[in-house]
Amino acid sequence: AKSEGRGTYHFFEAGMDATLQRRRTLETGLRDALANNGLSVVFQPIVSLQTNTVVAAEALMRWDHPQLGPISPVEFIPIAEETGIIHAIGGWILEAAAKAAACWPGHVRVAVNLSPIQFKRPDLIATIRAALKAAGLDASRLELEITESLLLENSQSNLDLLLALRGLGVRVAMDDFGTGYSSLSYLRAFPFDKIKIDRSFMADVATKADSRAILGAMISLGNNLGMTTVAEGVETAEQLAVVRAEGCTQVQGYFFSPPVDGATMLALLEAEKSD
Ligand code: C2E
Ligand code: CA
Ligand code: CA
Ligand code: CA
């Protein structure tokens, strides 16, 4: 048993090494990618259930590492947050997304994810203002998606920041609604324009009455608070039918479209215009 324990210990150490090494590789790789056009942005259409047309698109970051291949944002965003690189890449995607949206029809908005870390920086408002100006995009066409998190404490300074953002004319959405333990208190404390119901809630809505009841309650809550409600991760016609029947305002998911590159997004919007 003793030798087994020692073996386990060594194995654990080697595992730690590999994790740390990958982390370091990704950290330097991320800095290189930012400096050398290695990052890209894709867009996922968001469809209105009133008009059945695309009313917005979410900008999502992509990174193809020269040796390791595509790295998921689920892996690299946390590293960017821990190392502070998030400020630079967050500013980069904000500008890239605003520039793309400036070429879209005027009624189509672009949504950009904001890390809670970006909130800690006093120059956030100036960064957003600068990105809009550089792109020539009206503030009313930008939505910022913020995930509830421990970092976004229910504090006066965060409230002031959200109010300042809305003062600029941008919309603010609560992302991944329902996944954290403080979603409801955030709704009371912060003036969100929109809630995006996390895709985990979509899983069995077409087959389980309980799941549907929970989804329906979240949609009603948002609607009753005067917010736009978005169902994320709608993959099937059955899920779409449920979401529609429950009164949701907008949907996003593979059923309509996966995230696509900028040229495809533009073509999709052009095709819709001539329908
Ligand atoms: P998110 O903000 O919740 O973005 C939605 C994620 O769900 C995207 O994954 C999208 O590709 C995926 N998705 C969309 N429709 C469906 C569907 O029907 N089924 C399934 N299974 N998935 C669907 P992605 O692009 O891998 O991004 C993952 C997360 O990484 C995002 O979750 C967001 O939290 C973060 N992220 C991505 N880009 C950025 C960024 O530019 N800045 C920040 N701060 N975070 C980002
Ligand atoms: Ca999002
Ligand atoms: Ca989300
Ligand atoms: Ca998420």
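1. The donors of the calcium ion (ligand 2) are spaced E-x54-N-x31-E-x29-D along the chain. They are Glu-58 (OE), Asn-113 (OD1), Glu-145 (OE) and Asp-175 (OD), at 2.2 to 2.3 Å from the ion. Donors here are N, O and S atoms within 2.8 Å of the metal (3.2 Å for Na, K and Ca), and sites may look incomplete because water is not among the atoms.

2. This is a predicted model, in which local features need pLDDT of at least 70 and side-chain atom pairs count only at pLDDT 80 or more, while totals for chains, interfaces and linings use all residues. Residues are numbered from 1 along each chain as its sequence is written, chains are lettered from A and ligands numbered from 1 in the order in which they are written, and side-chain values use heavy atoms, with hydrogens and water left out.

3. Within the site of ligand 2, Asn-113 in strand E4 (residues 109-114) and Asp-175 in strand E6 link distant parts of the chain, being 62 residues apart. Strands (E, at least two residues) and helices (H or I, at least four) are DSSP runs numbered from the N terminus. Asn-113 is partly exposed at 28% relative accessibility, whereas Asp-175 is buried at 5%; buried means under 20% relative accessible area, exposed over 50% and partly exposed in between (1.4 Å probe, protein chains only).

4. Asp-175 coordinates both calcium ions, ligand 2 and ligand 3, which are 3.9 Å apart. Ligand 3 is also coordinated by Asp-176 (OD) and by Glu-232, which is listed twice (OE), with distances of 2.3 to 2.5 Å. The donor residues of ligand 3 follow the spacing D-D-x55-E. Asp-176 lies in strand E6 (171-177) and Glu-232 in the loop between strand E8 (228-231) and helix H9 (237-245), so this pair ties together parts 56 residues apart in sequence. Glu-232 counts as buried, at 10% relative accessibility.

5. Two of the calcium donors also approach ligand 1. An N or O atom in the side chain of Glu-58 is 3.2 Å from an oxygen atom of ligand 1, and a polar side-chain atom of Asp-176 likewise lies 3.2 Å from a ligand 1 oxygen. The backbone of Tyr-254 places a polar atom 2.8 Å from an oxygen of ligand 1.

6. The protein covers 84% of the 800 Å² of accessible area that ligand 1 has on its own (Shrake-Rupley method, 1.4 Å probe). Strand E2 (54-65), helix H2 (73-83) and E6 each give two or more residues to the shell around ligand 1, and E2 gives the most, with four.

Note on methods. Polar contact = N/O pair within 3.5 Å; in protein donor to acceptor, adjacent residues only side chain to side chain.
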